[in-house]
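Please load the model and keep a selection panel open. The tour begins with the whole chain, moves to a pocket and ends among aromatic rings.

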Amino acid sequence: MSGVSPVLLILVALVVAGGIFYFNYLAAKKRRELFAGFASQQGWSYLPDNNALAGQWSGTPFQTGDNWRVKNVLSGAYNGHQMVAFDYSYQTHSTDSKGRRTTTTHKYGVVVVQLPGALPHLEVTHEGIFGGVVANALGFRDIQFESEQFNRAFRVKADDERYGHAVVTPRMMELLLARGEIGWRIEGNSLLGWDKGDHNPTEVMNRLTLLQQVLEQVPPYVWRDYAGVDPRVQPPQSY
């Protein structure tokens with residue numbers, strides 16, 4: 001009994017590959033239509049892609065890997081602040097002992113709200129499975145607060161510890177313990193929130209709401225002392 005024809009195997013492989021490509025094409029098209037309709041409902045602008053945004057920020061999840069892609073870009077006003085939200089992805093590569101190369105695509109949903117002025121760097125993320133024990137042992141210590149529950153749940157990093165305590169007040173900790181589901185960072189005049197995986201319109205609105213609440217918890221004296229601005233005066237659109 002003869003084996004399967006190599007030509008037949010090639011044809012089957014081509015059919016399977018074509019099917020996968022078409023499925024991905026339809027899924028991407030449906031996602032573009034979803035976000036375009038969502039943007040129209042909110043009075044925002046929509047762009048299918050804008051890879052230039054990938055180089056605008058320096059922290060997580062940006063400036064790592066290669067093949068940076070920014071897709072489904074929403075931009076406009078949200079509660080008096082300019083915002084932008086988008087799908088972000090990058091790729092990393094590894095090679096096993098036999099020289100076989102594997103490429104992994106990392107996907108994130110990113111939401112950015114423009115701040116009234118530029119503040120020093122501050123990042124709040126969830127503690128890992130070991131509650132930061134490993135990181136602390138390696139010397140990557142985060143800022144500690146009076147709430148042990150908050151310390152166990154979150155990692156706060158800032159160039160200035162005094163500034164970190166000024167921003168992360170007891171009311172801020174209460175907010176984050178209640179609904180701090182995403183990582184966020186103050187970077188210059190941007191407040192960024194991100195999470196792994198593709199987001200959807202409902203999650204975009206939920207994350208914008210959280211960032212708005214974070215922004216509202218920053219004490220007025222922080223804006224005066226660290227940014228030299230009146231938070232009631234909104235900057236022009238820059239995204």
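Helices and strands are DSSP runs, numbered from the N terminus, with at least four residues (H or I) for a helix and at least two (E) for a strand. These labels serve throughout the tour of this predicted model.

**The whole chain**

Select the full chain and colour it by secondary structure. Seven helices and six strands appear, and from the N terminus on their order is α-β-β-β-β-α-α-β-α-α-β-α-α. Next, colour by accessibility: of the 239 residues, 38% are buried. A surface representation corresponds to an accessible area of about 13500 Å², with 55% of that area belonging to carbon and sulfur atoms. If contacts are drawn, consider those with a separation of 6 or more: 66% of them join residues 24 or more positions apart.

**The largest pocket**

Now select A28, R31, K71, K107 and D198. Of the 20 residues that line the largest pocket, these lie nearest its centre. The elements that contribute two or more residues to this lining are α1 (6–42), β1 (45–49), β2 (66–78), β3 (81–95) and β4 (101–126). Which element provides the largest share of the lining? Highlight α1: six of the lining residues come from this helix. The volume of the pocket is about 620 Å³. Colouring the lining by class gives nine charged, six polar and five nonpolar residues.

**The aromatic rings**

Hide the pocket and display the rings of Phe, Tyr and Trp. With ring centres required to lie within 6.5 Å, the count is ten aromatic pairs. Select Y88 and Y90, which form a tilted pair with 6.2 Å centre to centre and 40 degrees between the planes. Are these two residues buried or exposed? The threshold for a buried residue is a relative accessible area under 20%. Y88 has a relative accessible area of 1% and is therefore buried; Y90, at 9%, is buried because its value also falls under that threshold.

Keep Y90 selected and add Y108. This pair is stacked, with 6.2 Å centre to centre and 10 degrees between the planes. The pair links distant parts of the chain, since Y90 belongs to strand β3 and Y108 to strand β4, 18 residues apart. Y108 is buried, as is Y90.

Finally, extend the selection to W57, F62 and F86. Together with Y88, Y90 and Y108, these residues are linked by ring pairs into a cluster.

Conventions:
Residues numbered from 1 in each chain as written. Predicted model: local features only at pLDDT ≥ 70, side-chain atom pairs only at ≥ 80, totals over all residues. Heavy atoms only, no water. 1 Å grid on protein atoms, 1.4 Å probe; cavity = no way out; pocket = protein on both sides within 12 Å on 5 of 7 lines; lining within 4 Å. Points joined across faces, edges and corners; volume = space filled by probe spheres on them. Nonpolar A, V, L, I, M, F, W, Y, C, P; charged D, E, K, R; others polar. Phe/Tyr/Trp six-rings, centres within 6.5 Å; stacked < 30°, edge-to-face > 60°. Buried < 20%, exposed > 50% of the residue type's maximum accessible area, 1.4 Å probe, protein only. Contact = heavy atoms within 4.5 Å. Areas by Shrake-Rupley, 256 points an atom, 1.4 Å probe, with all protein chains shown as cover.
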